[in-house]
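Subject: Structure handover

Hello,

Here is the structure we spoke about, for you to take over. My notes on what was found follow below it.

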Amino acid sequence: MDKSISRARRNKFFSHLVLIIMSFIMLVPFAWMILTALKTNQESISVNPFYIFPAHGWHWSNFGTVWKSYNFIVLYKNTLLMIVFRVIAACLTATMAGYAFGRLKFPLKKVLFSLVLIQMMVPAQIFIIPQYLMVSKMGMLNTTFGLVFPGLVTAFGTYLLKVGYQGLPKDMEEAAAIDGCNVGQRFLKIMMPLTRSSMVSLGIFTAVFAFKDLMWPMIVCTNANTTTLSAGLAKMEGQYLSDYPAMMAAAALAVIPMIVIYVIFQKQFVEGIATSGGKL
């Protein structure tokens, strides 16, 4: 008995030790970003791998310079609007499509769902030119709608919600049908609330992917007042010379919204990732 307890404690100790070491390793890029933001440009390009801390003082002025040079308030606003509208649109369209594919019977159901699966298999870059032409024809370049447009529907979300609806028992839906509820009432009042965890998962993935999206904002929003954080950071890199401390300071400011969102919705993040079995 004592041997089994000591073995369990030893295993627990080594498990925690490995997790702590991996946590520190994952924090290294973030720490390097902050330390580089506090250096001079000459210090930031030093080839000495052990030149970690600033030698000539902590240059907090890099953050103020970047904040004044780039309108971060506008970048924050554009990015958050894009995230919010993409999450709302993705959850709304995916839950309806998922319910239809998962619980209803209609003609060409398998063919249409095959098209959804094919869209998941095709690289997203293939759709950029058709989507750009559609947004351009609608006169929606350099607008929030243009940023949101690719996220109005999601093949991944449709598949995720379809699996979620298929995993629900049929008893409650059949009982509601016997009581006289039509398809819409069964969907809104009974089935959709039961897929809350799947929609949380979809919302998390949609928000993270929207925040990281770089190519589409750079193409559809060339105006500095309508672009997002990712595109704004990409435009800071010079062709011949780059101010790395300023870039790292801007990157540190850019991650603030996602850190705040994670702190507020930490429970939902963990629940959503555990439910979907995916990783960010």
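Asn 142 is partly exposed, with 27% relative accessible area. Please keep in mind throughout that this is a predicted model. Asn 142 belongs to the loop that runs between α6 (128–137) and α7 (144–148). Its phi is positive, about 60°, although Asn 142 is not a glycine.

Leu 108 is another residue to look at for its backbone. It is not a glycine, yet it has a positive phi of about 60°. Its place is the loop between α4 and α5 (109–121). Leu 108 has a relative accessibility of 60%, and it counts as exposed because that is over 50%.

Next, the empty space. The search covered the whole structure and found one cavity of 30 Å³ or more. The largest cavity holds about 30 Å³ of space. Two elements, α4 (72–103) and α13 (229–234), each give two or more residues to its lining. Of the elements, α13 gives the most, with three residues. The residues that line the largest cavity are Tyr 70, Phe 72, Leu 75, Leu 229, Gly 232, Leu 233, Met 236 and Ala 250. By type, seven residues of this lining are nonpolar, one is polar and none is charged.

Some of these names come back around Ala 254. This residue lies in helix α14 (residues 244–254). Is Ala 254 buried or exposed? Its relative accessibility is 3%, so Ala 254 counts as buried. Leaving aside residues up to four places away in sequence, Ala 254 touches Phe 72, Tyr 76, Phe 211, Leu 229 and Leu 233. Phe 72, Leu 229 and Leu 233 are also among the residues that line the largest cavity. Between Ala 254 and Thr 228 there are 9.8 Å in space, C-alpha to C-alpha, and the two are 26 residues apart in sequence.

Now the aromatic rings. The count comes to 14 aromatic pairs. In one of them, Phe 101 and Phe 106, the ring centres are 5.9 Å apart and the planes meet at 55°, so this pair is tilted. The reason is that an angle from 30 to 60 degrees is neither stacked, which needs under 30 degrees, nor edge-to-face, which needs over 60. Phe 101 is buried at 9% relative accessible area, whereas Phe 106 is partly exposed at 29%.

Phe 145 and Phe 149 make another tilted aromatic pair, with 5.8 Å from centre to centre and 55° between the planes. Here Phe 145 is partly exposed, at 33% relative accessibility, while Phe 149 counts as buried, at 14%.

Which residues join Phe 101 and Phe 106 in one aromatic cluster? They are Phe 113 and Tyr 159.

Two lysines are placed over rings. Lys 162 lies over the face of Phe 113, and its distance from the ring centre is 4.7 Å. Phe 113 is thus a residue to view twice, as it is also a member of the aromatic cluster. The other case is Lys 39, whose charged end sits over the ring of Trp 32 at 5.2 Å from the centre.

If you open the model with these notes beside you, Ala 254 in helix α14 is a place to begin, followed by the cluster of Phe 101, Phe 106, Phe 113 and Tyr 159.

Regards

Definitions and conventions: Residues numbered from 1 in each chain as written. Predicted model: local features only at pLDDT ≥ 70, side-chain atom pairs only at ≥ 80, totals over all residues. Heavy atoms only, no water. 1 Å grid on protein atoms, 1.4 Å probe; cavity = no way out; pocket = protein on both sides within 12 Å on 5 of 7 lines; lining within 4 Å. Points joined across faces, edges and corners; volume = space filled by probe spheres on them. Helix = DSSP H or I, 4+ residues; strand = E, 2+ residues; numbered from the N terminus. Nonpolar A, V, L, I, M, F, W, Y, C, P; charged D, E, K, R; others polar. Phe/Tyr/Trp six-rings, centres within 6.5 Å; stacked < 30°, edge-to-face > 60°. Buried < 20%, exposed > 50% of the residue type's maximum accessible area, 1.4 Å probe, protein only. Lys NZ or Arg CZ within 6 Å of the ring centre and 35° of its normal. Contact = heavy atoms within 4.5 Å.
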